[in-house]
Amino acid sequence: MTLDHADELVVPEGSPTPATGRRTFWRRFAQDRFAVAGAVVVVAYVVIALLAPLITRLLGVDPYSYDLDALDPTGAPAGWGGGISAEHWFGVEPLTGRDLFAIVLMGSRTSLVVGIGATVVSMLIGTVLGLLAGYLGGWVDWVVSRGVDIMLGLPALIFMIAIGAVAPESFPRLLLLVLVIGVFSWSSVARVVRGQALGLRSRGFVRASQALGAGHGHVLFRQVLPNLAATVVVFATISIPGAIGAEAALSFLGVGVPPPTPSWGRSIGDAVTWFSSDPMYLVFPGLALFGITLAFNAFGDGLRDALDPRSGGRK
């Protein structure tokens, strides 16, 4: 999965003083109300995901318990709105009667674990390769650049589906999704980091360190990498929605997390069959997925604008 506006992501290398930089950042970020709202929603999603087991237990709902009494003779939810009631706030799942509110809550854990985990994997791979390519240049740069070209040209979703289909059932599915999505998502960040590292290696403070006898490791990790931290953080924030969407797509296609593990993508996929008789089964998981994607994108765009002094920001 790639980020369409990856090449537009440019973050300055450093600031006059840490304190001044932090104050300026928070002032610029607070001016972007859409980004602040996105950050609040992201925090809310994370808190809900962490507390989901406790919330479902306190409310007496369970995403794994069947309630066949909530279904009509055809297997569709009985009653209005897909079985919405005081007992089932979002209705129930067709055929099983499982509580949809509990499924959406617990599904947030699946989406966030895969989205954040896959992003960490892709950031690690892309940052290391991009850093080495941009700083060392030569044949290292050529090899990494060709690798980026190959990864960008691959039909990533098709390969993810194939790997998910042939992977042993004994392999933990969440870990498989994290690794597969992460490994197919590093190329964009590698290209961005490489471009930033190319500019940094000719800066005066890097040349001064080299002239004083500093080794490549010291220059890379003490001089260059700290100046790329903001770029990587912003890119990671913008990349998380893509990873969450990839997990949803794979679960929608039947190669994601196995049932009965709650997953927004699989719920959306199952809802296609029942949409005419139970549209709410599609609405609630779809809204949850849309909300987290929009929130992370707004938060990431706000971070980019706040860290880039050449951006006027949105107010």
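How do the residues of the lining of the largest cavity divide into nonpolar, polar and charged? Let me start with that one, everyone, and then step back to the fold. One reminder before we go on: this is a predicted model.

So, the answer. The lining splits into 3 nonpolar, 3 polar and 4 charged residues. If you want to find the spot on your screens, look for Glu-93, Arg-98 and Ile-103, then jump along the chain to Thr-261, Pro-262 and Ser-263, and finish with Arg-266, Ser-267, Asp-270 and Tyr-281. Helix α10, residues 264-274, is the top contributor to this lining, giving 3 residues. The space inside is about 40 Å³, and the count of cavities of 30 Å³ or more comes to 1.

Now the overall picture. The protein has 11 helices and 0 strands, so to speak an unbroken run of α elements from the N terminus on. There are 315 residues here, and 48% of them count as buried. On the outside, the protein exposes about 15,300 Å², with carbon and sulfur atoms supplying 68% of that area. As for how the chain comes together, take the contacts with a separation of 6 or more: 75% of them join residues 24 or more positions apart.

What about the interior? In soluble globular proteins, nonpolar side chains tend to be buried together. Here, the largest nonpolar core holds 22 residues, and the members touching the most others are Met-160, Ile-181, Phe-184 and Leu-250. Five names to look for in the helices, if you are following along: α3 (100-136), α4 (138-153), α5 (156-166), α6 (173-183) and α9 (216-252) each give two or more residues to this core. There is also a second, separate core of 20 residues, with Ile-240, Ile-268, Tyr-281 and Ala-295 among them. You have met Tyr-281 already, since that residue also lines the largest cavity.

Last stop, a backbone detail. Which residue has a positive phi although it is not a glycine? That is Leu-95, with a phi of about 75°. Leu-95 sits in the loop between α2 (33-59) and α3. And is its side of the story buried or exposed? Leu-95 is exposed, because its relative accessible area is 53% and the cut-off for exposed is over 50%.

That's my tour, friends. To recap the two places worth opening on your own screens: the cavity lining, where helix α10 gives the most residues, and the loop between α2 and α3, where you will find Leu-95. Thanks for listening!

Note on methods. Residues are numbered from 1 along each chain as its sequence is written. This is a predicted model: local features need pLDDT of at least 70, side-chain atom pairs count only at pLDDT 80 or more; totals for chains, interfaces and linings use all residues. Side-chain values use heavy atoms; hydrogens and water are left out. On a 1 Å grid over the protein atoms alone, a cavity is a set of points where a 1.4 Å probe fits but cannot get out, and a pocket is an open set with protein on both sides within 12 Å along at least five of seven lines; lining residues have an atom within 4 Å of a point. Grid points are joined across faces, edges and corners, and a volume is the space filled by probe spheres set on the points. Helices (H or I, at least four residues) and strands (E, at least two) are DSSP runs, numbered from the N terminus. Ala, Val, Leu, Ile, Met, Phe, Trp, Tyr, Cys and Pro count as nonpolar, Asp, Glu, Lys and Arg as charged, and the others, Gly among them, as polar. Buried means under 20% relative accessible area, exposed over 50%, partly exposed in between (1.4 Å probe, protein chains only). Contact means heavy atoms within 4.5 Å. Accessible areas come from the Shrake-Rupley method with a 1.4 Å probe; for residues, only the protein chains shown count as cover. A nonpolar core is a set of buried Ala, Val, Leu, Ile, Met, Phe, Trp, Tyr and Cys residues joined through side-chain atoms within 4.5 Å.
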